[in-house]
Amino acid sequence: MFKKLFAVAFMTFVATNVNWAYTEINCSSDQSFSQYACNQCFDGWEVAVWSNISFLDDVWVNDTGIRKIMFKEEQTMPIIHSLNNSKLTKNPNTDSFWEYTAEFEALEDNEFYGYVLPAGQRVSWLKSSLWASYLVEQTPAKWQNVWMLVFDVMSHNILADGEIAMNDTPHKECVLYKSGESYVPPVAERPTPEPTPEPEKMTQVQTGPELYFLVLIMSFLIGIIVMNRKTILEKIRK
């Protein structure tokens with residue numbers, strides 16, 4: 001059961017991180033290709049912040065009518081160049097990031113002390129190691145160039161007489177990545193302020209028609225008493 005769960009989890013990781021199926025494009029489509037003297041150019045798709053670029057590989061193609069040979073000691077491991085202030089983390093940041101494939105190792109030829117690719121054949125010769133990846137930390141605005149991944153492929157023709165032509169220059173294969181949606185840090189939500197309590201209203205005495213007439217009668221009686229106070233006092237004294 002555990003093995004099945006691990007296999008499912010691994011395949012899910014592969015499905016969400018694979019970036020090997022590049023589309024070849026014209027090198028004149030972006031001026032960045034000329035900056036790195038690219039001979040063959042590929043579209044590396046979009047990358048978003050905090051995504052992983054992993055499961056990378058490169059294909060060695062012999063499109064000639066004669067055999068080609070490659071020597072490991074002449075190879076330079078791929079380099080990824082940052083564009084437009086983009087940032088990434090390489091893990092592991094060592095030479096073990098890249099490794100030769102089993103298919104390439106099978107091409108070893110003891111006669112020439114190198115790796116021979118027959119005419120008209122191709123082979124995946126270099127790949128990133130199993131858990132190696134680039135973590136995207138910062139990208140520019142959407143659709144701007146982010147990185148240029150450059151593969152230097154150094155190979156030689158094996159001539160008809162068995163001699164090796166050694167005056168070749170590296171074949172530069174370049175993969176251009178562009179930015180997806182730029183990362184916007186989440187904004188902390190402000191707490192909703194509690195409503196200010198309204199001041200308590202003072203108790204008001206209700207005034208109605210009954211109270212009005214009562215006040216009027218009392219005023220009338222007080223007026224009569226004031227006007228006849230002498231008569232009232234004399235009657236009280238008697």
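Which side chain meets Lys72 in a salt bridge? In this predicted model, the partner of Lys72 is Glu105, and the gap from N to O comes to 2.7 Å. The two residues belong to distant parts of the chain, 33 residues apart, with Lys72 sitting in the loop between β5 (68–70) and β6 and Glu105 in helix α3 (residues 102–105). How far are these two side chains open to the outside? Lys72 has a relative accessibility of 27%, so it counts as partly exposed. Glu105 comes out at 32%, and that makes Glu105 partly exposed too, because the label covers the range from 20% to 50%.

This contact is not alone, as a search through the whole structure turns up five salt bridges. One of them brings the side chains of Glu46 and Lys142 together, with 3.1 Å from N to O. Glu46 is part of strand β2, while Lys142 is found in the loop between β12 (133–138) and β13, so this pair ties together parts of the chain that are 96 residues apart in sequence. Glu46 has 38% relative accessibility and is therefore classed as partly exposed. Lys142, with 32%, is also put in the partly exposed class.

Another of these bridges involves Glu99 and Lys127, whose side chains meet at 3.7 Å, again from N to O. Here both ends are in strands: Glu99 in β8 (residues 98–100) and Lys127 in β11 (residues 122–128), so the pair ties together parts that lie 28 residues apart in sequence. Glu99 is partly exposed, at 33% relative accessibility. Lys127 is partly exposed as well, with a relative accessible area of 33%.

Next come the strands. How are the five strands of the open sheet ordered? Going across, the order is β1-β2-β15-β13-β6, and the pairing is mixed. β1 (23–25) and β6 (76–82) form the edges, each pairing on one side only. On average, neighbouring strands in this sheet are turned by 30° against each other, with direction ignored. At the β6 edge, the partner is strand β13 (residues 145–153), and the two pair in the antiparallel sense over five bridges. Within this stretch, Thr76 stands opposite Asp152 of β13.

Strand β12, which comes before the loop that holds Lys142, has pairings of its own. Strand β3 (residues 52–54) pairs with β12 in the antiparallel sense, over three bridges. In that pairing, Ser54 faces Ser133 of β12. Strand β7 (residues 87–91) also runs antiparallel to β12, and five bridges join the two. There, Lys87 stands opposite Gln138 in β12.

That leaves the empty space in the model. Rolling a probe the size of a water molecule over the atoms shows where such space is left. What volume does the largest pocket have? The value is about 280 Å³. The largest pocket is lined by 13 residues, and those closest to its centre are Tyr22, Phe42, Asp58, Val59 and Glu173. Strands β2 (40–47), β4 (57–61) and β15 (171–179) each supply at least two residues of this lining. β4 provides the largest share, with four residues. Sorted by class, the lining of the largest pocket holds seven nonpolar residues, one polar residue and five charged ones.

The second largest pocket has a volume of about 230 Å³. Its lining is made up of 13 residues, and Trp60, Val61, Asp63, His171 and Glu173 lie nearest its centre. Glu173 thus turns up among the central residues of the largest pocket and also among those of the second largest pocket. Which strand gives the most to the lining of the second largest pocket? β4 does, with three residues. Both β4 and β15 supply at least two residues here. By class, the lining of the second largest pocket divides into five nonpolar, four polar and four charged residues.

Some elements come up in several of these descriptions. β2 takes part in the open sheet, carries Glu46 of the salt bridge to Lys142 and adds residues to the lining of the largest pocket. β15 also belongs to the open sheet, and β15 supplies residues to the linings of the largest pocket and the second largest pocket.

Notes
Residues are numbered from 1 along each chain as its sequence is written. This is a predicted model: local features need pLDDT of at least 70, side-chain atom pairs count only at pLDDT 80 or more; totals for chains, interfaces and linings use all residues. Side-chain values use heavy atoms; hydrogens and water are left out. On a 1 Å grid over the protein atoms alone, a cavity is a set of points where a 1.4 Å probe fits but cannot get out, and a pocket is an open set with protein on both sides within 12 Å along at least five of seven lines; lining residues have an atom within 4 Å of a point. Grid points are joined across faces, edges and corners, and a volume is the space filled by probe spheres set on the points. Ala, Val, Leu, Ile, Met, Phe, Trp, Tyr, Cys and Pro count as nonpolar, Asp, Glu, Lys and Arg as charged, and the others, Gly among them, as polar. Two strands pair if DSSP finds at least two bridges between them. Axes are lines fitted to C-alpha atoms, for helices over the stretch in contact, and angles run from 0 to 180 degrees between N-to-C directions. A salt bridge is a side-chain nitrogen of Lys or Arg within 4 Å of a carboxyl oxygen of Asp or Glu. Buried means under 20% relative accessible area, exposed over 50%, partly exposed in between (1.4 Å probe, protein chains only).
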